[in-house]
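Biologist: I have a structure open and I'd like to learn how to read salt bridges and buried residues in it. Could you walk me through it?

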Amino acid sequence: MRILLAEDDSVLADGLTRSLRQSGYATDCVHNGVEADLALSTQDFDLLILDLGLPRMSGLEVLRKLRARNSHLPVLILTAADSIEQRVKGLDLGADDYMAKPFALSELEARVRALTRRGVGGGPTVVRHGPLSYDQVGRIAYLNEQMLDLSARELGLLEVLLQRTGRLVSKEQLVDHLCEWGEEVSNNAIEVYVHRLRKKIESGGVRIATVRGLGYCLEKFPDVTALPVPPAPAAT
């Protein structure tokens with residue numbers, strides 16, 4: 001899951017960014033409304049955490065422009081405790097939830113989990129691929145029912161490959177998904193992440209194929225229930 005945080009308070013923004021990244025979310029942070037609008041119009045995100053009191057362009061205007069582009073991106077707005085009118089305007093403009101400052105990080109993370117769960121369309125939150133299972137909301141992967149120790153980047157990589165099982169995923173697509181706003185991930189780094197992920201999942205028969213010069217592909221796992229049943233031996 002990739003989150004955009006639009007917050008102009010540098011201390012709060014840094015704390016939220018660190019907390020969300022430690023919870024496994026790829027989190028990008030911008031500090032004014034113009035940067036937020038640019039990020040939203042050029043990048044894909046799974047959730048927007050939006051402070052309404054942004055400089056250069058208000059959070060309400062960012063939200064209005066987002067919905068004018070027919071985006072259904074879940075939005076959690078942050079407001080001052082006494083700004084009831086702004087909360088109402090934000091919800092009327094299409095925000096999905098709000099939190100009044102100050103707030104507990106644990107509550108914010110619970111609301112993030114709820115909104116990202118809603119964002120996947122209410123469908124199954126656990127993706128299964130042979131002995132591998134991945135909880136898209138909790139961002140936890142299991143191999144043969146044993147939890148895998150994966151870094152945030154390895155989880156992001158696994159998530160992309162699972163979404164495109166059996167199809168080629170280019171290095172450029174992986175870079176776009178894994179890099180954070182204003183940050184770069186090199187092709188060499190992608191190779192390192194793939195190598196580390198392979199070591200952790202291939203013991204269970206889950207294979208990541210390399211298409212030299214193009215990218216990677218998570219090989220389809222054979223469905224044993226669909227295999228033909230061999231004929232019974234003839235009676236003698």
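Biologist: Which side chains does D37 or K65 meet in a salt bridge, and how do I read that?

Modeller: Keep in mind that this is a predicted model. The general idea is to look for a Lys or Arg side-chain nitrogen within 4 Å of a carboxyl oxygen of Asp or Glu. Here D37 and K65 pair up with each other, at 3.1 Å from N to O. That salt bridge links distant parts of the chain, with D37 in helix α2 (residues 33-42) and K65 in helix α3 (residues 59-68), 28 residues apart.

Biologist: Are D37 and K65 buried or exposed?

Modeller: Buried means under 20% relative accessible area, exposed means over 50%, and partly exposed is in between. D37 has 12% relative accessibility, so it counts as buried. K65 comes out at 27%, so it is partly exposed.

Biologist: Okay, and how many salt bridges are there by this rule?

Modeller: The count comes to 13. One of them joins the side chains of R2 and D28, at 2.8 Å from N to O. R2 sits in strand β1 (residues 2-6) and D28 in strand β2 (residues 26-30), so this pair ties together parts that are 26 residues apart in sequence.

Biologist: How accessible are R2 and D28?

Modeller: R2 has 5% relative accessibility, so it counts as buried. D28 is buried as well, with a relative accessible area of 1%.

Biologist: I also see an annotation in the record. Which residue does "modified residue: 4-aspartylphosphate" cover?

Modeller: The UniProt annotation, from an unreviewed entry, covers D51. Treat it with some care, because annotations may be inferred rather than shown by experiment. In the model, D51 is found in strand β3 (residues 47-51). It is buried, with a relative accessible area of 5%.

Biologist: What does D51 touch, if I skip residues up to four places away in sequence?

Modeller: Go looking for heavy atoms within 4.5 Å. For D51 that gives you A6, E7, D8, G59, L78 and K101. K101 deserves a second look: its side chain meets that of D51 in a salt bridge, at 3.3 Å from N to O. D51 is in strand β3 and K101 in strand β5 (residues 97-101), so the pair ties together parts that are 50 residues apart in sequence. K101 itself has 23% relative accessibility, so it counts as partly exposed.

Biologist: Which residues are linked with D51 in a network of salt bridges?

Modeller: E7 and K101 are linked with D51 in that network. E7 was also on the contact list for D51.

Biologist: Let me try another spot. Where does S170 lie, and what does it touch?

Modeller: S170 is in strand β10 (residues 169-170). Leaving out residues up to four places away in sequence, S170 touches L214 and G215. With a relative accessible area of 18%, S170 is buried, because the cut-off is under 20%.

Biologist: Now zoom out for me. How many helices and strands are there in the protein?

Modeller: There are 8 helices and 12 strands. Of the 236 residues, 43% count as buried. The accessible surface comes to about 12600 Å², and 51% of that belongs to carbon and sulfur atoms.

Biologist: And how do I read contacts for the whole protein?

Modeller: Ask how far apart in sequence the partners are. Among contacts between residues at least 6 apart in sequence, 57% join residues at least 24 apart.

Notes:
Residues are numbered from 1 along each chain as its sequence is written. This is a predicted model: local features need pLDDT of at least 70, side-chain atom pairs count only at pLDDT 80 or more; totals for chains, interfaces and linings use all residues. Side-chain values use heavy atoms; hydrogens and water are left out. Helices (H or I, at least four residues) and strands (E, at least two) are DSSP runs, numbered from the N terminus. Buried means under 20% relative accessible area, exposed over 50%, partly exposed in between (1.4 Å probe, protein chains only). Accessible areas come from the Shrake-Rupley method with a 1.4 Å probe; for residues, only the protein chains shown count as cover.
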